[in-house]
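Biologist: Please take a close look at one part for me, the place where the ligand sits. I am new to this structure.

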Amino acid sequence: MPRPVPTTPALTQADVRAQAAACPDLESLAAAVSRCEACGLARTRTQTVFMDGARTGACKSGLLFVGEAPGADEDRQGVPFVGRAGQLLTEIITKGIGIPREDVQIANVLKCRPPENRDPTSAEKEVCTPWLERQIELTSPRVIVPLGKHAANYHLGLPPETPMGATRGRTHVRKGRMLIPTYHPAYLLRSPGEKKACWQDIQVAMNVLGIAKAPRKGQTKPSS
Ligand code: URA
């Protein structure tokens, strides 16, 4: 009989924080994450999903997207946002913002897939987020765009069920970082009518980062 997955994390948040703090760079952090057995998700994952984008420190655009947790495709490939929602995020980056996906960084609140894509539990978030915090220290993004309510509420220290309506459409500053929450691409696939609102949020991020709007098809970028 398979052993039941423990719901109580094996390590405390302080344990994970200490392990993360001991990592001087993103490569050692990724290696430590890949060995993590702090909670029961270690038993059900195929692999950890660390991040996408530059592994040397800050990325070219200064923009970090943070989603909720890996899904089935991400768990298989070890890269965040590579499934259907990921394709939409890639379009937002490449067609909307007009920069290559490699110029941004992409991570998740959780580094492992919750079985059946259930919501992350509070215990999982508590024990896993020191990895993300260290990732943010090492990448020093100028703007963080949390995707969906789990990421937004985590970054803003709000109760997990706080609706997106309470956080998006505004710029927030927390722990010295600028946060511009927007809808999760999976939600946009179900509710395409909200894409316009997401695009408004993305444009705010572009303004802050000094990224010029990509020219529409047939238009040429104005020479400055
Ligand atoms: N949804 C997320 O929140 N993160 C992923 O990496 C993929 C889908």
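**The ligand and its pocket**

Modeller: A backbone N or O atom of Ala69 lies 3.0 Å from a nitrogen atom of the ligand. That is a polar contact (a pair of N or O atoms within 3.5 Å). This is a predicted model: local features need pLDDT of at least 70, side-chain atom pairs count only at pLDDT 80 or more, and totals for chains, interfaces and linings use all residues. Residues are numbered from 1 along each chain as its sequence is written, and side-chain values use heavy atoms, without hydrogens and water.

Glu68 offers a polar backbone atom 2.8 Å from a ligand oxygen. Asn108 uses its side chain: a polar atom there is 2.8 Å from a ligand nitrogen. Alone, the ligand exposes 240 Å², and the protein buries 91% of that (Shrake-Rupley method, 1.4 Å probe).

The residues around the ligand also include Gly67, Pro70, Glu74, Pro80, Phe81 and His184. They count as near with a heavy atom within 4 Å. This shell divides into four nonpolar, three polar and two charged residues.

The ligand sits in the largest pocket, with more than half of its atoms within 2 Å of the grid points. A pocket is an open set of points on a 1 Å grid over the protein atoms alone, where a 1.4 Å probe fits, with protein on both sides within 12 Å along at least five of seven lines; lining residues have an atom within 4 Å of a point. About 620 Å³ of space lies in this largest pocket. It has 26 lining residues, and Glu68, His184, Ala186, Tyr187 and Arg190 are the closest to its centre. The lining divides into ten nonpolar, eight polar and eight charged residues.

Definitions and conventions:
A polar contact is a pair of N or O atoms within 3.5 Å; within protein, one must be able to donate a hydrogen and the other to accept it, and residues adjacent in sequence count only if both atoms are side-chain atoms. Ala, Val, Leu, Ile, Met, Phe, Trp, Tyr, Cys and Pro count as nonpolar, Asp, Glu, Lys and Arg as charged, and the others, Gly among them, as polar. Grid points are joined across faces, edges and corners, and a volume is the space filled by probe spheres set on the points.
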